[in-house]
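Here are a few warm-up exercises for getting to know a new structure. Have a go at each one before you read its solution.

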Amino acid sequence: FNLLRMPHVSESTFDLIPNGAAAFLASSLNERNDGGTGVTDAAGRPVVTVMDIGREVFGNLVDVAAFALPSMSEGPGGMPIPDAALAMSVNDPERSKAIWRLILGMAQGATDERGNMQARTSRVGDQEVERFEIEGVNVFLYTQGHRLVISPSMNAIEAAVAAAAG
């Protein structure tokens with residue numbers, strides 16, 4: 001039985017971990033597979049169902065890394081926000097973006113007085129980053145190809161983007 005035998009963590013995931021990170025943890029979950037992992041609508045956009053959350057972990061997520069920088073950002077009311085992020089490599093990036101947009105949008109909508117679930121956009125250099133506000137705390141979603149980074153810290157997103165650029 002190979003119950004805990006995992007594939008190697010891809011180098012593209014390590015590329016998202018910035019130099020000088022105070023700590024990081026990485027693990028692989030699935031083999032790289034460029035095929036889609038679910039149903040799409042007539043326009044080719046992923047149709048997200050509750051079962052896709054399980055498919056995301058057990059079929060689409062190739063590997064994941066969490067990192068923390070040795071710094072803190074300032075959040076709402078002066079609250080310290082750790083400069084930490086979750087970086088992922090996935091097989092079907094459109095499906096992953098749709099799932100994370102749904103999850104983060106629902107969290108934003110539940111805490112927004114108007115129920116707004118739409119992300120706002122920010123920029124890191126020439127890269128677009130989606131921003132969700134949950135209980136006054138920004139959560140950023142950055143995507144590039146088969147890679148996604150989620151963080152409450154723009155500093156961590158900027159560091160991951162710079163690390164990915166080399």
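**Exercise 1: two sides of a helix**

On the other side of helix α2 from its buried residues, M51 and F58 are exposed. Keep in mind that this is a predicted model. Your task: find which residues of α2 are buried, how they are arranged and what covers them.

*Solution.* Start with the list: in α2 (residues 51-60), the buried residues are D52, E56 and N60. Now look down the axis of α2: its buried residues fall within an arc of 60°, so they line one face of the helix. Finally, check what covers these buried residues: β2 (61-74), β3 (80-90) and α3 (93-111) are included.

**Exercise 2: a pair of rings**

Take F14 and F24 and work out what kind of aromatic pair they form.

*Solution.* The count of aromatic pairs comes to 1. In the pair of F14 and F24, the ring centres are 6.1 Å apart and the planes meet at 85°. Planes over 60 degrees apart count as edge-to-face, and that is what this pair is. Next, place the partners: F14 sits in helix α1 (residues 11-14) and F24 in strand β1 (residues 23-28), 10 residues apart, so the pair links distant parts of the chain. As for accessibility, F14 is partly exposed at 36%, and F24 is partly exposed at 48%.

**Exercise 3: one serine**

Find out where S122 lies, and whether S122 is buried or exposed.

*Solution.* First, locate S122 in strand β4 (residues 120-124). Then take its relative accessibility of 17%: buried means under 20%, so S122 counts as buried. Last, look at its contacts beyond four places in sequence, among them V129, F140 and M154.

Technical notes:
Residues are numbered from 1 along each chain as its sequence is written. This is a predicted model: local features need pLDDT of at least 70, side-chain atom pairs count only at pLDDT 80 or more; totals for chains, interfaces and linings use all residues. Side-chain values use heavy atoms; hydrogens and water are left out. Rings of Phe, Tyr and Trp (its six-membered ring) pair if their centres lie within 6.5 Å; planes under 30 degrees apart count as stacked, over 60 as edge-to-face and the rest as tilted. Helices (H or I, at least four residues) and strands (E, at least two) are DSSP runs, numbered from the N terminus. Buried means under 20% relative accessible area, exposed over 50%, partly exposed in between (1.4 Å probe, protein chains only). Contact means heavy atoms within 4.5 Å. The arc is that of the directions from the helix axis to the C-beta atoms.
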